[in-house]
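Please open the model in your viewer and keep the sequence panel visible. The tour proceeds from one selection to the next.

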Amino acid sequence: MDYVSALVPPFVMAAFFIALIVVIVKSQGGANKAKEDAAVDAVLARAEAAQQSQPRK
């Protein structure tokens, strides 16, 4: 019975890892891709504008 308790944690971790990879792959692209890209572009533009508006020393 010790071998079962020794093998369960790696199998559980492997199952969670596979599920995580599946979720990441499925969330790439799709209908929300344009919205997500626009949000990232807005954040980057805001950060760049804030950096340029600071006085240089």
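A helix, in this tour, is a DSSP run of type H or I with at least four residues, and helices are numbered from the N terminus. The model on the screen is a predicted one.

**The whole chain.** Begin by displaying the protein chain as a cartoon. The chain contains two helices and zero strands. Next, show the C-alpha trace and turn it slowly: along its principal axes, the trace spans about 70 × 35 × 5 Å. The radius of gyration of the protein chain is 22 Å, whereas a compact globule of 57 residues would have a value near 10 Å.

**The surface.** Now switch on the surface of the protein chain. Its accessible area is about 5500 Å², and carbon and sulfur atoms account for 68% of that area. How many of the 57 residues count as buried? The share is 0%. Residues count as buried under 20% relative accessible area.

**Helix α1.** Select residues 2–27, which form helix α1, and find Y3 within this helix. Y3 counts as exposed because its relative accessibility is 58%, and the cut-off for exposed residues is over 50%. Extend the selection to M1, Y3, V4, L7, V8, F11, V12 and F16: together they make a nonpolar surface patch of about 880 Å².

**Helix α2.** Move on to residues 33–53, the extent of helix α2, and pick A34 there. Is A34 buried or exposed? A34 is exposed, because its relative accessible area is 57%. Then measure in the viewer from the C-alpha of A34 to that of L44: the two residues lie 10 apart in sequence and 15 Å apart in space.

**The charges.** Finally, colour the charged residues of the protein chain. There are 6 positive and 5 negative charges, and the mean positions of the two groups are 10 Å apart.

Note on methods
Residues are numbered from 1 along each chain as its sequence is written. This is a predicted model: local features need pLDDT of at least 70, side-chain atom pairs count only at pLDDT 80 or more; totals for chains, interfaces and linings use all residues. Side-chain values use heavy atoms; hydrogens and water are left out. Patches are made of residues with over 30% relative accessible area and no salt bridge: like charges are joined within 9 Å, nonpolar side chains (Val, Leu, Ile, Met, Phe, Trp, Tyr) within 5 Å. Accessible areas come from the Shrake-Rupley method with a 1.4 Å probe; for residues, only the protein chains shown count as cover. A salt bridge is a side-chain nitrogen of Lys or Arg within 4 Å of a carboxyl oxygen of Asp or Glu. Buried means under 20% relative accessible area, exposed over 50%, partly exposed in between (1.4 Å probe, protein chains only). The radius of gyration is taken over C-alpha atoms; the globule rule is 2.2 Å times the number of residues to the power 0.38. Lys and Arg count as positive and Asp and Glu as negative; His and the chain ends are not counted. The place of a charge is taken as NZ of Lys, CZ of Arg, CG of Asp or CD of Glu.
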